[in-house]
Amino acid sequence: MNTQRTGKEADNIVNIPQVSTGMIAQSGALQQVGIAMLGKQLDTATSNGAMLAASLASLPSPSLEASVNPNLGGNIDLRV
């Protein structure tokens, strides 16, 4: 029985070790891209948190609000 292939049959044979090492290299590259994307997302979240904290710090204090609207929030209506 002849196990060697020639012509078109030889071109269709897949070299499994080559394919597997190529897939491993590609998955490593995809992992590095994913890590870089997560790093960028963390930077964005940190920046957004800092901006939110700064905007909350710039809000008027409750004592200033009370001087502008003295009757606001002074009474609570309760029903039992």
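The exercises below work through a predicted model of a protein.

**Exercise 1.** Which elements make up the secondary structure of the protein, and in what order do they run from the N terminus?

Solution. Start with the count: the protein has three helices and zero strands. Then read from the N terminus, where the order is α-α-α.

**Exercise 2.** Find where confidence is lowest and where it is highest in the protein.

Solution. For the protein, the average pLDDT is 78, and 79% of the residues score at least 70. Next take the elements: helix α1 (residues 8–11) has the lowest confidence, with a mean of 59, while α2 has the highest, at 86. Where pLDDT is low, the predicted coordinates should not be read in detail.

**Exercise 3.** Check the span of α2 against the value expected from its 42 residues.

Solution. The expected span is 1.5 Å times one less than the number of residues. For the 42 residues of α2 this gives 62 Å. The end C-alpha atoms of α2 are 61 Å apart, so the two values agree.

**Exercise 4.** Is Val19 buried, partly exposed or exposed?

Solution. Val19 belongs to helix α2, which covers residues 16–57. The relative accessible area of Val19 is 39%. Buried means under 20% and exposed means over 50%, so Val19 is partly exposed. Val19 also joins Val14, Ile16 and Met23 in a nonpolar surface patch, with about 400 Å² of accessible area together.

**Exercise 5.** State how many residues of α2 are buried, then give the share for the protein.

Solution. Among the 42 residues of α2, the count of buried residues is zero. In the protein, buried residues make up 0% of the 80 residues. The accessible surface of the protein is about 7,800 Å², and 61% of this belongs to carbon and sulfur atoms.

Conventions. Residues numbered from 1 in each chain as written. Predicted model: local features only at pLDDT ≥ 70, side-chain atom pairs only at ≥ 80, totals over all residues. Heavy atoms only, no water. Patch = residues over 30% accessible without salt bridge, like charges linked within 9 Å, V, L, I, M, F, W, Y side chains within 5 Å. Areas by Shrake-Rupley, 256 points an atom, 1.4 Å probe, with all protein chains shown as cover. Salt bridge = Lys/Arg side-chain N within 4 Å of Asp/Glu carboxyl O. Helix = DSSP H or I, 4+ residues; strand = E, 2+ residues; numbered from the N terminus. Buried < 20%, exposed > 50% of the residue type's maximum accessible area, 1.4 Å probe, protein only. pLDDT = per-residue confidence, 0-100.
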